[in-house]
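Here is a quick walk through a single model, starting from one side-chain contact and working outwards. Have the sequence and the structure open while you read.

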Amino acid sequence: MALRTIREIGDEVLTKTAKEVEGMTPRTKKLIADMLDTMYEAEGVGLAAPQVGILKRIVTIDVGDGPIVLINPVIQETGGEQTGPEGCLSVPGKQGIVTRPNEVTVKALDENMEEQVITGTELLARAICHECDHLDGKLYVELVEGELTDVTDEEE
């Protein structure tokens with residue numbers, strides 16, 4: 001597969017709302033595979049299609065338990081609260097403290113366009129919220145409590 005260029009803060013595409021995916025096509029399958037490759041190469045835990053310049057409601061996530069593909073995700077339920085450092089492949093070298101739900105249930109289609117419901121806690125819940133925000137043109141920097149800080153090599 002191919003690596004895609006990750007768009008960075010200031011790129012207008014990151015402020016736009018992504019469109020729903022109507023059906024699976026060979027082009028969309030390739031996009032998903034490229035997104036996974038790009039995410040792994042960049043050592044990220046999540047990537048949304050707008051981050052590679054494609055305004056489609058597609059998210060890839062892997063918090064260490066294998067890849068998750070969410071197409072047209074809709075957060076159904078949230079619970080609890082967690083506050084901690086968050087970063088983004090579109091805001092390289094920076095992180096900030098963000099409060100997110102500690103548990104999230106999301107309904108989405110998988111890469112076979114079959115409905116799935118996933119409940120995630122802790123890092124997975126954070127990643128689902130973070131990536132779904134990208135689909136609505138929002139960056140985590142809008143939620144940062146205090147200032148963005150530089151990420152040191154020990155933290156990466």
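## A buried arginine

The side chains of Arg100 and Glu86 are joined by a polar contact of 2.7 Å. Keep in mind that this is a predicted model. Arg100 has a second acidic partner to look at: its side chain also makes a polar contact with the side chain of Asp133, at 2.9 Å.

Where does Arg100 sit? You'll find Arg100 in strand β5, which covers residues 91-100. With a relative accessibility of 6%, below the 20% cut-off, Arg100 counts as buried. Setting aside neighbours within four places in sequence, the contacts of Arg100 include Gly80, Glu81, Gln82, Arg126, Cys129, His130, Tyr140 and Leu143.

## The five-stranded sheet

Now for the sheet. Five strands make an open sheet in the order β1-β2-β3-β6-β7, and the pairing is antiparallel. β1 and β7 (115-121) are the edge strands, each with a single partner, so one side of each has no neighbour in the sheet. On average, neighbouring strands here are turned by 35° against each other, direction ignored.

Going across the sheet, β1 and β2 run antiparallel and are joined by three bridges, with Gly46 opposite Ile61 of β2. Four bridges then link β2 to β3, again antiparallel; here Thr60 faces Val69 of β3, and Ile61 stands opposite Ile68. β3 and β6 are antiparallel too, with six bridges between them, and Ile75 is opposite Val106 in β6. Finally, β6 (residues 103-109) pairs with β7 over seven bridges in the antiparallel sense. Within that pair, Ala108 has Gln116 of β7 as its bridge partner.

What about the two faces of β2, covered or not? Both are covered: Ile58 and Thr60 on one side are buried, and so are Val59 and Ile61 on the other.

## Helix α1 against the sheet

Helix α1 takes in residues 26-41, 16 residues in total, and spans 22 Å from first C-alpha to last, close to the 22 Å expected at 1.5 Å a residue. It lies across β1, β2 and β3, and runs at about 35° to β2.

A good part of α1 is hidden: Thr28, Leu31, Ile32, Ala33, Asp34, Met35, Leu36, Thr38 and Met39 are buried. The buried residues of α1 pack against β1 (46-48), β2 (58-61) and β3 (68-79).

## Two nonpolar cores

In soluble globular proteins, nonpolar side chains tend to be buried together. In this model, the largest nonpolar core has 17 residues, and those with the most contacts inside it are Val59, Ile61, Ile68, Leu70, Ile118, Leu124 and Ile128. β2, β3, β6 and α2 (122-135) each supply at least two residues of this core. Which element gives the most to it? That's α2, with seven residues.

Ile68 is a handy residue to click on here. Apart from neighbours within four places in sequence, Ile68 is in contact with Val59, Thr60, Ile61, Ile118 and Leu124. There is also a second, separate core of 13 residues, and Met35, Leu36, Met39 and Val52 are among its members.

## Positive phi angles

Most residues other than glycine have a negative phi, and a few spots in this model go the other way. Just after α1, Glu43 takes a positive phi of about 60°. Asn72 is a non-glycine residue with a positive phi near 55°, and its place is in strand β3. Asn72 has a relative accessible area of 10%, so it is buried.

Met113 is another non-glycine residue with a positive phi, about 60°. This one lies in the loop between β6 and β7. Is Met113 buried or partly exposed? Its relative accessible area is 24%, which makes Met113 partly exposed. And there is a glycine to add: in the hairpin of β2 and β3, with six residues between the strands, Gly64 takes a positive phi near 115°.

Methods: Residues are numbered from 1 along each chain as its sequence is written. This is a predicted model: local features need pLDDT of at least 70, side-chain atom pairs count only at pLDDT 80 or more; totals for chains, interfaces and linings use all residues. Side-chain values use heavy atoms; hydrogens and water are left out. The expected span of a helix is 1.5 Å times one less than its number of residues. Buried means under 20% relative accessible area, exposed over 50%, partly exposed in between (1.4 Å probe, protein chains only). Contact means heavy atoms within 4.5 Å. Two strands pair if DSSP finds at least two bridges between them. Axes are lines fitted to C-alpha atoms, for helices over the stretch in contact, and angles run from 0 to 180 degrees between N-to-C directions. A nonpolar core is a set of buried Ala, Val, Leu, Ile, Met, Phe, Trp, Tyr and Cys residues joined through side-chain atoms within 4.5 Å. A polar contact is a pair of N or O atoms within 3.5 Å; within protein, one must be able to donate a hydrogen and the other to accept it, and residues adjacent in sequence count only if both atoms are side-chain atoms.
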